[in-house]
Structures are given as C-alpha cells and as structure tokens.
Amino acid sequence: MSKYDSLWKYLKENNKESYKLSYEGIQNILGFDIDYSFLTYKKESKKYEYEVGKISMKEKTVILISSNH
C-alpha cells in the first residue's frame with residue numbers, strides 16, 4: 001500500500017479524461033501535503049490508468065491524464 005493510494009483511487013473513481021489539481025486540492029484528497037517523494041510515487045498512477053503529465057512548481061499544480069480515454 002502506498003501513501004498516495006487515496007489519490008489514485010480518487011482519480012479512478014471520478015473517471016475524468018484529465019485533471020489539473022492544485023497542491024492544495026491534492027492535500028485535501030490525501031490529508032497531507034505532497035512533497036518531493038511524489039516524484040518517486042507518481043509512477044504508481046499507471047496502475048490506476050492515469051499518468052502524471054506535468055508538475056508545475058510555479059503554479060503548484062499537477063496534471064494527470066487518463067490512459068483510457
């Protein structure tokens with residue numbers, strides 16, 4: 001089990017083609033702030049049929065894209 005499982009499950013359950021989530025929005029889903037370790041864990045999103053498209057440190061956003069749509 002990964003500390004990011006609740007994020008990946010949120011993506012899968014809501015089944016959108018893509019997401020642009022703020023760091024704050026991700027914190028609300030997870031219950032904690034994302035940190036640098038997210039770069040290591042982002043590959044887990046593929047198990048839930050999503051890929052991390054872009055992480056913007058400036059805008060504090062993460063774009064996730066479905067590999068199913």
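The following legends describe close-up views of the three-stranded sheet and its two packed helices in a predicted model. Local features require a pLDDT of at least 70, side-chain atom pairs count only at pLDDT 80 or more, and totals for chains, interfaces and linings use all residues. Residues are numbered from 1 along each chain as its sequence is written, and side-chain values use heavy atoms, with hydrogens and water left out.

**View A. The open sheet.** Three strands (DSSP E runs of at least two residues, numbered from the N terminus) are arranged in the order β1-β3-β2 with antiparallel pairing. Pairing requires at least two DSSP bridges between two strands. The edge strands, β1 (18–22) and β2 (50–56), each pair on one side only. On average, neighbouring strands are turned by 20 degrees against each other, direction ignored.

**View B. Pairing of β1 with β3.** Five bridges join β1 to β3 (residues 61–66) in the antiparallel sense. Leu-21 stands opposite Val-62 of β3, and Tyr-19 has Leu-64 as its bridge partner.

**View C. Helices on the sheet.** Both helices (DSSP H or I runs of at least four residues) are shown with their contacts, defined as heavy atoms within 4.5 Å. Helix α1 (residues 5–14) touches β1, β2 and β3, and its direction makes about 140 degrees with that of β1. Helix α2 (residues 23–30) also touches β1, β2 and β3, at about 95 degrees to β1. Axes are lines fitted to C-alpha atoms, for helices over the stretch in contact, and angles run from 0 to 180 degrees between N-to-C directions.

**View D. The hairpin of β2 and β3.** These strands pair in the antiparallel sense over six bridges, with Tyr-50 partnered by Ser-66 of β3. Four residues lie between the strands, and Lys-60 takes a positive phi near 60 degrees.
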